[in-house]
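Trainee: Please take me closely through how one part of this model is packed, and then relate that part to its surroundings.

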Amino acid sequence: MIRPVRPVGSDRIVEAELAKLPSMLIANLRLRYRELLRADPPKAFGPDLLRRSIAQRIQERAYGGLSQDSRRLLRQLVKAVRGKPNGKLELPRRIKAGSELVRTWRGTTHRVKVTADGFAFGGETYASLSEIATKIAGTRWNGPRFFGLRTSTAPSGSEDEPNAE
């Protein structure tokens with residue numbers, strides 16, 4: 001998350017602003033919304049949604065907004081939903097450190113440990129699964145696909161099929 005440098009005491013200022021919100025009248029909430037978001041609040045927003053929107057913006061200004069990666073992911077999800085409104089929305093998988101990926105390739109089982117710094121395999125640490133998949137297969141592979149992490153293009157029955165990255 002990108003965070004601006006916070007002036008000393010900003011936490012107290014933010015807390016004080018947030019503490020005022022529950023007692024504010026709807027007319028004042030609409031005014032504050034306009035000040036902070038530079039737009040008229042949606043007509044459907046009642047006091048609760050106005051308070052939440054204002055609180056979010058106050059905190060975003062003080063502590064920073066969403067990271068570039070998070071904003072990019074949200075844009076991709078919105079685009080996917082617009083493309084197929086009644087379709088299933090698939091979120092990208094996140095592999096937690098400590099997980100183990102197992103793949104049998106040409107009769108040999110290979111184990112990869114997910115670490116905080118990348119992926120451990122054969123006593124070495126790699127930055128990507130594709131490096132490991134290529135090392136195992138001897139030809140370029142897309143790592144997530146090789147290890148079965150891509151649902152729409154999971155490895156087919158043939159374990160010898162190379163994948164384009």
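Mentor: Helix 1 and helix 3 are roughly antiparallel to each other, a term kept for angles over 145 degrees, because in this predicted model helix 1 (residues 10–20) and helix 3 (residues 47–63) pack at an angle of about 175°, and their axes, which are lines fitted to C-alpha atoms over the stretch in contact, with angles running from 0 to 180 degrees between N-to-C directions, lie 10 Å apart. On the side of helix 1, Asp11, Val14, Glu17 and Leu18 take part in the contact (heavy atoms within 4.5 Å), and they meet Ala55, Ile58, Gln59, Ala62 and Tyr63 of helix 3. Sorted by class, six of the residues in this contact are nonpolar, one is polar and two are charged, where Ala, Val, Leu, Ile, Met, Phe, Trp, Tyr, Cys and Pro count as nonpolar, Asp, Glu, Lys and Arg as charged, and the others, Gly among them, as polar.

Before moving outwards, a word on conventions: residues are numbered from 1 along each chain as its sequence is written. Local features need pLDDT of at least 70 and side-chain atom pairs count only at pLDDT 80 or more, while totals for chains, interfaces and linings use all residues, and side-chain values use heavy atoms, with hydrogens and water left out.

The two helices belong to a protein chain with six helices and four strands, these being DSSP runs (H or I, at least four residues, for helices; E, at least two, for strands) numbered from the N terminus, and the order along the chain is α-α-α-α-β-β-β-β-α-α. Of the 165 residues of the protein chain, 26% count as buried, that is, under 20% relative accessible area, with exposed meaning over 50% and a 1.4 Å probe used on protein chains only. Among the contacts with a separation of 6 or more, 34% involve residues 24 or more positions apart.

Helix 3 is preceded by a loop that joins it to helix 2 (26–37), and arginine 38 is found in that loop. Although arginine 38 is not a glycine, its phi is positive, at about 55°, and its relative accessibility of 71% makes it exposed. A similar description applies to arginine 106, in the loop between strand 1 (100–105) and strand 2 (108–115), where phi is positive and near 50° and the relative accessible area is 54%, so arginine 106 counts as exposed.

Elsewhere, the aromatic residues deserve attention, with six aromatic pairs in the count, a pair being rings of Phe, Tyr and Trp (its six-membered ring) whose centres lie within 6.5 Å, stacked under 30 degrees between planes, edge-to-face over 60 and tilted for the rest. Phenylalanine 121 and tyrosine 126 form a tilted pair, at 6.5 Å centre to centre and 50° between the planes; phenylalanine 121 is buried at 15% relative accessibility, and tyrosine 126 is buried at 9%. The pair of phenylalanine 146 and phenylalanine 147 is edge-to-face, because their centres are 5.1 Å apart and their planes stand at 80°, and both residues are buried. Ring pairs link these two phenylalanines with Trp105 and Trp141 into a cluster. Arginine 103 contributes a charge over two of these rings (CZ within 6 Å of the ring centre and within 35 degrees of the ring normal; NZ is used for Lys), since its charged end sits 4.4 Å from the centre of phenylalanine 146, while arginine 103 also lies over the face of tryptophan 141, at 6.0 Å from the ring centre.

Terms used
Angles under 35 degrees count as roughly parallel, over 145 as roughly antiparallel, 65 to 115 as roughly perpendicular and the rest as oblique.
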